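Reader: I have a structure open in front of me and I'm not sure how to read it. Could you walk me through it, feature by feature?

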Amino acid sequence: QVQLVESGGGLVQAGGSLRLSCVASGRTFRNYAMGWFPQAPGKEREFLSGISWSGDSTYYADSVKGRFTISRVNALNTVYLHMNSLKPEDTANYYCRTLRTYDRSASFSDTWGQGTQVTASS
């Protein structure tokens, strides 16, 4: 019974930056690993980045290593995705989700937020 709300997306020029937020409620946030899943038009939702419940361990897809940073503040029930040097291929609707472990896409339940749209224009 976890509710997730994403925010922070927008339209930016290629090379720009955004910070996405995912706020969780309904269960003890601290006990869940969390991940970010972008979905581009006509494509399946993909596992982009994850973070352990403590924040000590993180995972990044090769496409965003060195550009994106995932973090969390458990006191605020929030996971962040800092996105730098945005590219047009980053354009997608970004969703967050609980994870069984930070480095895999599997979840305890099929619970998604509403998503937040990121558009990086060339």
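Author: Happy to; we'll go from the overall fold to the disulfide and then to a few single residues. One thing up front: this is a predicted model.

Reader: Let's start with the fold. How many helices and strands does the protein have?

Author: A good habit is to list the elements in chain order. Here there are 0 helices and 10 strands, and along the sequence they read β-β-β-β-β-β-β-β-β-β. As for overall packing, the radius of gyration is 13 Å, close to the 14 Å that the globule rule gives for 122 residues, so the protein is as compact as a globular protein of that length.

Reader: And what box do the C-alpha atoms fill?

Author: Taken along the principal axes, the box is roughly 40 × 25 × 25 Å.

Reader: What share of the residues counts as buried?

Author: For this you ask how much of a residue's area remains accessible; buried means under 20% relative accessible area. In this protein, 44% of the 122 residues count as buried. The accessible surface comes to about 6300 Å², and 45% of that belongs to carbon and sulfur atoms.

Reader: How many positive and negative side chains are there?

Author: There are 12 positive and 9 negative ones, and the centres of the two sets lie 5 Å apart.

Reader: What about contacts between residues far apart in sequence?

Author: You can sort contacts by how far apart the partners sit along the chain. Taking contacts between residues at least 6 apart in sequence, 55% join residues at least 24 apart.

Reader: Which residues form a disulfide?

Author: You look for cysteine sulfur atoms that come together. The count here is 1 disulfide: Cys22 and Cys96, with their sulfur atoms 2.0 Å apart. This pair links distant parts of the chain, as Cys22 sits in strand β3 (residues 18-25) and Cys96 in strand β9 (residues 92-99), 74 residues apart. The angle about the S-S bond is 65°, and the link is right-handed.

Reader: Are Cys22 and Cys96 buried or exposed?

Author: Cys22 is buried, and Cys96 is buried too.

Reader: Who else should I look at around there?

Author: Try Glu6, in strand β1 (residues 3-7). With a relative accessibility of 7%, Glu6 counts as buried. Beyond four places in sequence, Glu6 touches both Cys22 and Cys96, and its other partners include Ser21, Trp36, Tyr94 and Gln114. For a sense of distance, Glu6 and Asn74 are 68 residues apart along the chain, and their C-alpha atoms are separated by 16 Å.

Reader: You mentioned Ser21. Where is Ser21 found?

Author: In strand β3. Ser21 counts as buried at 13% relative accessibility. Among the residues Ser21 touches, leaving out those up to four places away in sequence, are Val5, Glu6, Trp36 and Val79. Its C-alpha atom and that of Ala92, 71 residues further apart along the chain, are separated by 15 Å.

Reader: What does Thr98 touch?

Author: Thr98 lies in strand β9 and counts as buried at 2% relative accessibility. Not counting residues up to four places away in sequence, its partners include Val2, Leu4, Tyr32, Ala33, Met34 and Phe108.

Reader: Can we look at a loop residue as well? Is Ser52 buried or exposed?

Author: Loop residues need their own check, and Ser52 shows how to do it. Ser52 lies in the loop between β5 (49-51) and β6 (58-60), and it is buried, with a relative accessible area of 10%. Neighbours within four places aside, Ser52 is in contact with Ala33, Ser57, Arg72 and Tyr102.

Reader: Last topic: backbone angles. What is phi of Asn77?

Author: When you scan phi, pick out the positive values and check whether the residue is a glycine. Asn77 is not a glycine, yet its phi is positive, near 55°. Asn77 lies in the loop between β7 (68-73) and β8 (78-83), and at 30% relative accessibility it counts as partly exposed.

Reader: Where is Ser85 placed?

Author: Ser85 is in the loop between β8 and β9. Its phi is positive, about 50°, although Ser85 is not a glycine. At 40% relative accessibility, Ser85 counts as partly exposed.

Note on methods:
Residues are numbered from 1 along each chain as its sequence is written. This is a predicted model: local features need pLDDT of at least 70, side-chain atom pairs count only at pLDDT 80 or more; totals for chains, interfaces and linings use all residues. Side-chain values use heavy atoms; hydrogens and water are left out. Helices (H or I, at least four residues) and strands (E, at least two) are DSSP runs, numbered from the N terminus. The radius of gyration is taken over C-alpha atoms; the globule rule is 2.2 Å times the number of residues to the power 0.38. Buried means under 20% relative accessible area, exposed over 50%, partly exposed in between (1.4 Å probe, protein chains only). Contact means heavy atoms within 4.5 Å. Accessible areas come from the Shrake-Rupley method with a 1.4 Å probe; for residues, only the protein chains shown count as cover. Lys and Arg count as positive and Asp and Glu as negative; His and the chain ends are not counted. The place of a charge is taken as NZ of Lys, CZ of Arg, CG of Asp or CD of Glu. A disulfide is a pair of cysteine sulfur atoms within 2.5 Å.
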